[in-house]
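Me: I am new to this structure and would like to understand how its descriptive terms are justified. May I put some questions about it?

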Amino acid sequence: MGGLDNDICADFLVEAREILDQLGEQMVTLEHAPDDRDGLNAVFRGFHTIKGGAGFLDIQPMVVLCHAVEDRFDAARSGTLPLDPDTFDGAQQSVDLLMDMLDCVAAGTEPAPVPDILLASLRMERAPAAATPDLLAHITDDDLADLDFDALLDSLHGKGTVPGAPAPAVATAEPAPRATAPVDNVTPISAATPRKPPDPADATVRVDVRRLDAMVNLVGELVLVRNRLKTIRPRLRDEDLDRVVTALDASTSRLQSAVMMARMQPVGRVFSRFPKLVRDIARQLDKTVELDVVGADTELDRNLVEALSDPLLHLVRNAIDHGIESPDARRAAGKPETGHVRLAAQQEGDHVAIEVRDDGAGIDPDRIRDSAVRKGLIDPEAAARLSTDECLHLVFLPGFSTRAEVSDLSGRGVGMDVVQSKIRELSGEVQIQSSPGVGSRFLIRVPLTLAILPTLLVEIDEDVYALPLVRVVEVLAHRTGEPMWIDGQRVLDLREEPLPLLSMRDWLGAGAPPDGLSTGVVLQSGEQRFCLDVDRVRGREEVVIKALPRTLRGLPGYAGASLIGDGRMALVLDVDALYRTGIKSPTRLIA
């Protein structure tokens, strides 16, 4: 293909993937309401649109498959053959296969032919369809320079004219009556048919992600310069400089917000995949499950939206596999046969909370504890001292599983540890709440963006460290002589609540503070809070996260680095790793 054809193909791949993401959800909705005419038409149009684009690019396997699905849903539209579960199974398999075909096209390889068994499940005996007009026969190589891909799809839909097509003369006399029957669902094309008014979506433009990333990096550098000026300003005490820095601060904040918004995407782009996923897994396990999606329009940085896909996949899959009981078991427990999984998102300040909740059997903490001991993941004596919340968090240990047998879905001891490690990479946290017999709730909190992170800056001697502000509960002052020792662990009595105490100096091996004074920062790690002892707290500052220097990569406790307002480098700390490596946690006492 030439360069222009590659551009057209790239546009088709983007559009087709978006359509397929919607089709999975639309077909699940249609399966619950098969009489919904609008839903049926939407599904038909989706496959029809993909078929048109694939036909133009001569991707024959996609054309064959889409045509077979299109025929089946057209029969439902005409009332010839109602929809049934087998039809939806075949259509969902077709969506998966079309996704695979798009991957092949993107990789420059030819998609494999459609399996005969899938075509047979979709095909039915019908009279030969009338020949479809060859809408593209008049397009020559010279015309491709003016080809509008979106208009092309419209023409294949029977809307507007074919891009670049010569317009027929408009009759001045009374127009002849239209044919009463459309040919193969394509509306006859006329120059006399007015073009549709501009769609509001036409006001958008596709931008290469690398350009957005470059803009974010430049804004990040500008933020660093702004912070530097704000640090210098008090020393110079110049009114003109104060006014200029204040104006620059306001302009930079607005620019930063605008660039961040350009990278924002609704989490619905991830959520839209799950109705189909829930349906497929539930049918595989012979369970009846409904998915409730809330807050799909909540926006996140596009990198976070993509990175959350795998953790949410594991959590939703586990909710159906481990949480939701079989219909017989639910009836015996006095529950409705249909289980419910809730996937919800909402913005909370400068971070987003995402919830995966089910009304299944819940998690038995004693069973979790026994399984971890049996697999050698925790010492029996240490396990006996675990609280209920700590028992629940054992599911995040690598190699943990309650399944005795290995299936396609679970039993290998991987999945939940991947969830926690991935969320930590995103500077977020995951919490578990569960009630046996009632259900479970997994709560993920992640920052709105990964590029610029609100932090609390703390100092040890002359070195500066940054703590993600979303993990900071409160800041308090105390003398180093106040802590107590309980069960070999330093503990701070905070309002009659014992908190594990970690000295940052001890963690770094830096010795005691020279003045004997320190400040405590209460941090949240999962369900557990602990106090981090530091020399001083500098205050809040937004930092631009950069990759760690090569000499520090792989060291536990560090999540990144940044330059702060006074020009020094600050290491961004991993709160969960601090807790794991610095606190005498029972989950670390392996026999």
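Reply: Certainly. Two strands are said to pair if DSSP finds at least two bridges between them. The model is a predicted one, and in it E459 stands opposite V464 in β9.

Me: What makes β8 and β9 a pair, and in which sense do they run?

Reply: The requirement is at least two bridges. β8 and strand β9 (residues 463–468) are joined by six bridges, in the antiparallel sense, so the definition of pairing is met.

Me: To which sheet do these strands belong, and what is its strand order?

Reply: They lie in an open sheet of five strands, ordered β16-β8-β9-β18-β17, with mixed pairing.

Me: Why are β16 and β17 called edge strands?

Reply: Each has a single partner strand, so one side of each is left without a neighbour in the sheet. From one strand to the next, the twist averages 35°.

Me: Which helix packs on this sheet, and what does it touch?

Reply: Helix α7 packs on the sheet and touches β8, β16 and β17. Its direction makes about 150° with that of β16.

Me: How do you know that the length of α7 agrees with expectation?

Reply: At 1.5 Å a residue, the 28 residues of α7 (residues 209–236) should span 40 Å, and the end C-alpha atoms are 41 Å apart, which agrees. After α7 comes R237, whose phi is positive, near 55°.

Me: Which residues of α7 are buried, and what covers them?

Reply: The buried residues include V223, R226 and N227. The elements covering the buried residues of α7 include α8 (239–262), β8 (452–460), β16 and β17 (558–563).

Me: Why is E542 called partly exposed?

Reply: Partly exposed lies between the limits of under 20% for buried and over 50% for exposed. E542 has a relative accessible area of 26%, and is therefore partly exposed. This residue is found in strand β16 (residues 536–544).

Me: What does E542 touch, leaving aside residues up to four places away in sequence?

Reply: E542 touches V223, R226, N227, Q256, I452, L453 and P454. Of these, V223, R226 and N227 are among the buried residues of α7. In addition, E542 and T455 are 87 residues apart in sequence, yet their C-alpha atoms are 5.9 Å apart in space.

Me: What makes the link between the side chains of E542 and Q256 a polar contact?

Reply: A polar contact requires a pair of N or O atoms within 3.5 Å, one able to donate a hydrogen and the other to accept it. The side chains of E542 and Q256 are joined by such a contact at 3.3 Å.

Me: Why is helix α2 described as largely enclosed?

Reply: Of the 20 residues of α2, 15 are buried, so the helix is largely enclosed by the rest of the structure. Helix α2 (residues 37–56) reaches 29 Å from its first C-alpha to its last, close to the 28 Å expected.

Me: What caps the N-terminal end of α2?

Reply: D36 does, with a side-chain oxygen 3.2 Å from the backbone nitrogen of D38. α2 is followed by D58, whose phi is positive, near 60°.

Me: How confident is the predictor in the protein chain?

Reply: The chain averages a pLDDT of 77, and 80% of the residues score at least 70. Over residues 125–190, however, the pLDDT is below 50.

How values were computed:
Residues are numbered from 1 along each chain as its sequence is written. Side-chain values use heavy atoms; hydrogens and water are left out. Helices (H or I, at least four residues) and strands (E, at least two) are DSSP runs, numbered from the N terminus. Buried means under 20% relative accessible area, exposed over 50%, partly exposed in between (1.4 Å probe, protein chains only). Contact means heavy atoms within 4.5 Å. The expected span of a helix is 1.5 Å times one less than its number of residues. pLDDT is the predictor's confidence in each residue, from 0 to 100. Axes are lines fitted to C-alpha atoms, for helices over the stretch in contact, and angles run from 0 to 180 degrees between N-to-C directions.
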